[in-house]
Amino acid sequence: MTAALPQSIHLANSEATLELGRKLAQTLPPNSVILLEGDLGAGKTTFVRGLAIGLGINEPILSPTFTLINEYVEGRLPLYHFDLYRLESTETAELFPETYWEGIEVDPGITAIEWAQRLPYKPPSYLNLQLEHTPTGERQATLMFIGLDNIAFAMSNE
Ligand SMILES: Nc1ncnc2c1ncn2[C@@H]1O[C@H](COP(=O)(O)OP(=O)(O)OP(=O)(O)O)[C@@H](O)[C@H]1O
Ligand SMILES: [Mg+2]
């Protein structure tokens with residue numbers, strides 16, 4: 001398994017968090033998984049809104065805290081948005097998250113999982129995005145590519 005060096009990215013405001021998601025979404029291949037970690041209000045859903053914009057999804061992205069999974073199918077690729085905040089890892093296993101990231105029973109898409117630390121097991125390769133509050137009310141992102149040999153799509157500066 002390969003793990004590229006973590007990239008640290010300063011996000012000065014919500015627009016910067018959106019923009020990070022938007023940029024990534026333009027290059028992510030089908031069956032990509034993004035595991036999102038960070039405290040309450042760290043910006044996880046904001047990042048997923050950016051992903052949706054980058055995929056060309058016009059529907060509003062609502063936090064799936066109660067529904068657990070929301071699916072958006074109108075973009076370049078389907079977006080599967082999980083929020084595991086309310087779950088224990090045994091309950092999370094019952095959601096069969098691999099159904100989504102393997103893209104076998106569903107159309108291959110982008111799976112973004114909030115509170116991914118609640119997952120009982122992880123996919124063989126994924127992007128890990130950690131979001132942290134800074135003392136000044138901004139955010140610090142740490143992006144790691146785990147198990148991905150081809151990180152060419154990681155970040156372009158365009
Ligand atoms: N880089 C940033 N700087 C300052 N505020 C930000 C930044 N990114 C997002 N926010 C703001 O933080 C607030 C919480 O964002 P968001 O709902 O995306 O967090 P979350 O991690 O999904 O929270 P939860 O844990 O409740 O799911 C929103 O008001 C959002 O606009
Ligand atoms: Mg959220």
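# Strands, Helices and Ligand Shell

Mentor: Strand S4 (residues 79-83) pairs with S5 in the parallel sense, over five bridges. The model under discussion is predicted.

Trainee: How do you know that S4 and S5 count as paired?

Mentor: Two strands pair if at least two bridges are found between them. S4 and S5 share five bridges, so the criterion of at least two is satisfied. As an instance, Asp 83 has Glu 114 in S5 as its bridge partner.

Trainee: Which other strand runs parallel to S5, and how many bridges join the two?

Mentor: Strand S2 (residues 32-38) does, with five bridges to S5. Within that pairing, Val 33 stands opposite Thr 111.

Trainee: Why is strand S5 called largely enclosed?

Mentor: A residue is buried if 20 or more other C-beta atoms lie within 10 Å of its own. In S5 (residues 110-114), five of the five residues are buried, so the strand is largely enclosed by the rest of the structure.

Trainee: What makes both faces of S5 count as covered?

Mentor: In a regular strand, side chains alternate between the two faces of the sheet. Ile 110, Ala 112 and Glu 114 lie on one side of S5, Thr 111 and Ile 113 on the other, and all of them are buried.

Trainee: What is the order of the strands in the sheet, and which are the edge strands?

Mentor: The sheet is open and has seven strands, in the order S1-S7-S6-S2-S5-S4-S3, with mixed pairing. Strand S1 (7-11) and S3 are called edge strands, as each pairs on one side only. From one strand to the next, the twist averages 20°.

Trainee: How do you know that the pairing is mixed?

Mentor: Both senses appear in the sheet. S2 and S6 run parallel and are joined by five bridges, with Leu 35 opposite Asn 128 in S6. Strand S6 (residues 126-133) and strand S7 (residues 139-146), by contrast, run antiparallel and are joined by eight bridges. His 133 faces Arg 139 of S7, and Tyr 126 faces Ile 146 of S7.

Trainee: How many residues lie between S6 and S7 in their hairpin, and which residue in the turn has a positive phi?

Mentor: Five residues lie between them, and Gly 137 in the turn has a positive phi of about 85°.

Trainee: Which residue other than glycine has a positive phi in the loop between S5 and S6?

Mentor: Trp 115, which lies in that loop, has a phi near 60°. A second case is Asn 31, with a positive phi of about 70°, in the loop between H1 and S2.

Trainee: Why is Trp 115 called buried, and why is Asn 31 called partly exposed?

Mentor: Trp 115 has 20 C-beta neighbours inside 10 Å; the cut-off for burial is 20 or more, so Trp 115 is buried. Asn 31 has 17 such neighbours. That value falls between the exposed limit of 12 or fewer and the buried limit of 20 or more, so Asn 31 is partly exposed.

Trainee: What makes Asn 58 and Glu 59 exposed?

Mentor: A residue is exposed if 12 or fewer other C-beta atoms lie within 10 Å. Asn 58 has 9 and Glu 59 has 12, so each meets the criterion. Asn 58 is in the loop between H2 and strand S3 (69-72), and Glu 59 lies in the loop between H2 and S3 as well.

Trainee: Why are H1 and H2 called oblique to each other?

Mentor: Their axes come within 6 Å and cross at roughly 45°. Angles under 35 degrees count as roughly parallel and those of 65 to 115 as roughly perpendicular. The crossing angle of roughly 45° belongs to neither range, so the helices are oblique. H1 passes H2 in a right-handed crossing.

Trainee: Which residues are closest to ligand 1, and which elements give two or more residues to its shell?

Mentor: Of the 18 residues surrounding ligand 1, the closest are Leu 11, Gly 43, Lys 44, Thr 45 and Thr 46. Helix H1 (14-27) and helix H2 (44-55) each give two or more residues to the shell.

Trainee: How do the residues of that shell divide by character?

Mentor: Four are nonpolar, 10 polar and four charged.

Technical notes
Residues numbered from 1 in each chain as written. Chains lettered and ligands numbered in written order. Predicted model: local features only at pLDDT ≥ 70, side-chain atom pairs only at ≥ 80, totals over all residues. Near = placed C-beta within 6 Å. Helix = DSSP H or I, 4+ residues; strand = E, 2+ residues; numbered from the N terminus. Nonpolar A, V, L, I, M, F, W, Y, C, P; charged D, E, K, R; others polar. Axes fitted to C-alpha atoms, helices over the stretch in contact; angles between N-to-C directions. Parallel < 35°, antiparallel > 145°, perpendicular 65-115°, else oblique. Left-handed = near helix turned anticlockwise from the far one by under 90°.
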